[in-house]
Amino acid sequence: MSESGYRDALCLLCQDAGADLQRVLAAACEPVLARDPVVYLADFARQVLVPLAAGAAEQKVAGTMAGRAFTTGRPAVNGDQDGLVRVWVPVVEQTTRTGVLAVTVPRPGPQILAQAELLGVFAGLVVAAAARVSDVPYLRRRGRAMSLPAGMQWDLLPPLSARTADALIAGALEPAYDIAGDAFDYALNGTDLHLAIFDGLGHGLGSTLQTGLAIGAYRHARRDGAPVAGMHAAVDAALAGHYEDVSFATGIIARLATGTGRLEWSCAGHPRPLLLRGRKVVAELSCDSVLPVRAR
């Protein structure tokens, strides 16, 4: 990839926070003779890849070349017309696969495919930046009507996956368009991997509000450097200070030292974690029984 392509694309972004994504990608593609770039983002259920460009057709995750690139994380190539092929590469935000990028290139050798993959990484960063100031990526991903609690829950979440040299994190929520009360959070801080799961009482908007408060209190305590027990107590205190009824949330708070593999965790009335090896459950983690946060 020529440096000039990225420079021109970044200049467009610096001049206009709402710059047309197609113009930005076209500028980045020009030095490698790639053309017709289209970004497809996975919908919230991760069943369909939805194009950001007007006029492009959706691609199902199952049974398509686009879906193959998305699920495997490797380039997929189809067609050969007049020496040109359509290449699908993953769109990656840091280490999280969020969709695919399709570009038309000359018959691709290893160098062209490597350049196309870098374009996918660049597209992921551009989309992530655009999502901070525009509703367009969100609206395109939202394949159908979403309940208010579900929309609020999705706004709470970190990326659905992340990778380090020592750990792989992945999460999902179902039903994607009508969830309420279920959420997770994590943070990679040096060699420590922090993670938490919460489930607010009930299934409506009230449940989502409880979980939002729990996530906020957890993040605040985590960023203040609290130990696992301190984070647990902070969430409990936040819910107790706001709710005067029987509202409560269950949850798990944990910290994994990736260098040593030591896991510290607390459980507040939640189903206990399962330890898997080779995709088989080999144990259920145990700890002292603790009531849900704010259960009195």
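**Exercises: cysteines and a central strand**

A search of the whole structure, which is a predicted model, finds zero disulfides. Let's work through that result, then turn to strand S6.

**Exercise 1.** Work out why cysteine 11 forms no bond with its closest cysteine sulfur.

*Solution.* Start with the meaning of the term: a disulfide is a covalent bond between the sulfur atoms of two cysteines. Next, recall the cut-off, which is a pair of cysteine sulfur atoms within 2.5 Å. Now find the closest cysteine sulfur to that of cysteine 11: it belongs to cysteine 14 and lies 6.3 Å away, so the two are too far apart for a bond. Cysteine 287 is in no disulfide either, with the nearest cysteine sulfur, that of cysteine 267, 5.1 Å away.

**Exercise 2.** Decide whether cysteine 11 and cysteine 287 count as buried, partly exposed or exposed.

*Solution.* Buried means under 20% relative accessible area and exposed means over 50%. Cysteine 11 has 37% relative accessibility, so it is partly exposed. Cysteine 287, at 25%, is partly exposed as well.

**Exercise 3.** Describe the surroundings of strand S6, residues 96–106.

*Solution.* Begin with burial: nine of the eleven residues in S6 are buried, so the strand is mostly covered. Then look at its pairing with strand S1 (residues 35–42), which runs antiparallel to S6 and is joined to it by five bridges. Here valine 38 has alanine 102 of S6 as its bridge partner. Move on to strand S5 (residues 84–93), which pairs with S6 over ten bridges, also in the antiparallel sense. Glutamate 93 is partnered by threonine 96 in S6. Finally, check the turn: the S5 and S6 hairpin has two residues between its strands, and glutamine 94 takes a positive phi near 60°.

Note on methods
Residues numbered from 1 in each chain as written. Predicted model: local features only at pLDDT ≥ 70, side-chain atom pairs only at ≥ 80, totals over all residues. Heavy atoms only, no water. Buried < 20%, exposed > 50% of the residue type's maximum accessible area, 1.4 Å probe, protein only. Helix = DSSP H or I, 4+ residues; strand = E, 2+ residues; numbered from the N terminus. Pairing = 2+ DSSP bridges.
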